[in-house]
Amino acid sequence: MAVDSPIPTRERPVPRAIVPVLALCGIGVALMQTLIVPLLPQLPVLLDATPENTSWAVTATLLAGAVITPISGRLGDMFGKRRMLTVSLGMMVLGSAVCALSTTLVPLVVGRTLQGAAVGAIPLGIAILRDELPPRKIPGAMATLSATLGVGGAIGLPFAAFVAQLTNWHMLFVVSGIIGVIGIAAVLYFVPESPQRNPGRFDFVGAILLSIALVLLLLPVSKGNAWGWTSPSTIGMLVGAAVVFLGWGVYELRRPRPLVDLRISARRPVLMTNLASIALGFAMYSNVLAFPQLLMAPTETGYGFGLSMVSAGLVLAPSGFVMMALSPVSARITRQFGPRATLACGAATVGVGYLVAYVLYTEIWHLLVAAMIIGAGVGLSYAAMPALIMAAVPLHESAAANSLNTLMRSIGTSSAAAVIGVVLAAMTTRIGGAVVPSLDGFRITFLIAVVAAVVSLAITALIPRPSPAPRRLGNN
């Protein structure tokens with residue numbers, strides 16, 4: 001079945017600020033996700049709660065983002081992408097306000113849940129670019145917006161640690177709320193509402209079933225280390241996730257207007273891209289988990305560098321800016337060879353970066369270089385994924401399809417957190433009264449990430465080459 005032309009032809013002028021505005025929103029959302037990291041060791045004291053309970057400040061955001069992202073994408077296709085983008089940013093502002101006023105655990109978790117609902121802003125922004133920009137500008141704009149994930153994440157750690165050290169920790173959420181307010185105002189002023197719609201009734205049952213399935217999957221994945229991977233609750237929830245996912249799939253296939261069109265998602269370009277996204281998300285997050293711990297490990301270990309969280313964050317920050325700097329390169333590769341080649345280059349580069357870390361880890365600059373190589377690969381890959389998805393789905397499905405791809409990456413990162421957490425927790429060394437991951441644990445982590453990058457590269461090879469544009473347009 002032929003799909004719509006990848007890019008609509010528009011006569012109306014496109015605001016020049018649309019890409020910077022959407023990039024600002026992307027950086028704000030990515031920054032929001034990492035703000036809590038420097039606070040995690042202090043939260044039990046700040047909130048008078050146990051470490052196990054305070055970890056919900058991270059878990060709640062993960063679950064809310066996974067559940068809301070496909071829903072916001074479908075609502076964006078139905079009622080307007082700009083409208084849903086402002087709603088997503090509004091949830092971030094509301095959540096930031098709740099967190100800024102929190103002095104106990106429960107309101108903080110509620111606020112972090114509301115913040116997690118903003119994760120859908122980035123795929124909505126990418127879908128807006130497809131609707132509004134002329135074809136020649138799409139690859140570069142998508143690459144820029146995709147890179148904001150890395151930039152926001154890279155600057156988030158040192159920024160949050162620095163602000164938390166200088167001021168009250170509540171100021172972190174005040175800053176997040178201000179960024180959200182600025183983003184809403186800029187979107188309303190500069191970003192036009194797309195006329196592309198997919199009207200119909202919203203699939204409430206499908207949304208509820210998918211939400212239940214995602215919670216049953218991601219909750220034990222996130223808490224498996226604490227609960228025990230063989231505990232009845234972990235196994236029971238994972239089995240329940242499989243059953244609910246199966247029932248959800250059967251239900252969606254029977255719906256005339258499903259939440260996720262599984263027939264489109266099963267098309268080989270979409271399916272293979274989503275599978276590659278899971279593997280790339282896994283590989284990317286291994287860097288986020290392992291590198292800071294290695295940099296902050298005590299020097300007494302013989303391999304750690306004893307850096308503070310601020311210093312470790314500053315060492316890793318350039319990797320995010322590399323992602324942004326490579327946006328024009330990614331766009332050039334995509335225009336000349338197609339997004340499939342860009343994704344392959346990105347996966348290969350990520351693998352090379354982890355191999356560098358496996359071989360060279362005795363100096364800080366070794367890890368800096370390795371992180372920058374990984375950042376370059378992630379930037380190339382994340383820019384290519386939406387382009388592959390957009391070229392294979394109709395215009396009226398663009399936000400939902402891109403949101404599903406974002407969800408696949410989240411599943412990859414959640415899986416990495418579980419697997420790498422098990423490896424680093426199982427392979428430790430004791431220094432004084434502290435227990436830290438051993439050097440072998442870090443190196444095995446790097447090898448696991450290499451395998452994930454190779455898997456992504458292999459899946460990318462299965463993505464079919466697109467038909468020449470004139471032939472496709474002629475068949476429509």
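**Note on the cores, ring pairs and one buried acid**

1. In this predicted model, the largest nonpolar core contains 54 residues, and those with the most contacts inside it are Leu-22 and Val-29. Leaving aside residues up to four places away in sequence, Val-29 touches Leu-89, Met-92, Ala-118, Val-119, Ala-121 and Ile-122. Apart from this core lies another, of 47 residues, which includes Ala-297, Ala-312, Val-315 and Met-323.

2. A search of the whole structure finds eight aromatic pairs. One of them joins Trp-169 and Phe-173, whose ring centres are 6.2 Å apart; because their planes meet at 85 degrees, and an angle over 60 degrees counts as edge-to-face, the pair is given that name. Trp-169 is buried, with a relative accessible area of 8%, and Phe-173 is also buried, at 1%.

3. The rings of Tyr-354 and Phe-446 have centres 6.3 Å apart and planes at 35 degrees, so this pair is tilted. The pair links distant parts of the chain, since Tyr-354 lies in helix 16 (residues 339-359) and Phe-446 in helix 19 (residues 439-461), 92 residues apart. Tyr-354 is buried at 0% relative accessible area, and Phe-446 is buried at 1%. Ring pairs also bring in Phe-291, which forms a cluster with Tyr-354 and Phe-446.

4. Which side chain of opposite charge is nearest to Glu-252? It is Arg-255, 5.6 Å away, and Glu-252 is buried yet has no salt bridge. Glu-252, which lies in helix 11 (residues 232-254), does reach the backbone nitrogen of Leu-259 with its side chain, at 2.9 Å. Not counting residues up to four places away in sequence, the residues that Glu-252 touches include Asp-203, Gly-206 and Pro-258.

Definitions and conventions: Residues are numbered from 1 along each chain as its sequence is written. This is a predicted model: local features need pLDDT of at least 70, side-chain atom pairs count only at pLDDT 80 or more; totals for chains, interfaces and linings use all residues. Side-chain values use heavy atoms; hydrogens and water are left out. Helices (H or I, at least four residues) and strands (E, at least two) are DSSP runs, numbered from the N terminus. Buried means under 20% relative accessible area, exposed over 50%, partly exposed in between (1.4 Å probe, protein chains only). Lys and Arg count as positive and Asp and Glu as negative; His and the chain ends are not counted. A salt bridge is a side-chain nitrogen of Lys or Arg within 4 Å of a carboxyl oxygen of Asp or Glu. A polar contact is a pair of N or O atoms within 3.5 Å; within protein, one must be able to donate a hydrogen and the other to accept it, and residues adjacent in sequence count only if both atoms are side-chain atoms. Contact means heavy atoms within 4.5 Å. A nonpolar core is a set of buried Ala, Val, Leu, Ile, Met, Phe, Trp, Tyr and Cys residues joined through side-chain atoms within 4.5 Å. Rings of Phe, Tyr and Trp (its six-membered ring) pair if their centres lie within 6.5 Å; planes under 30 degrees apart count as stacked, over 60 as edge-to-face and the rest as tilted.
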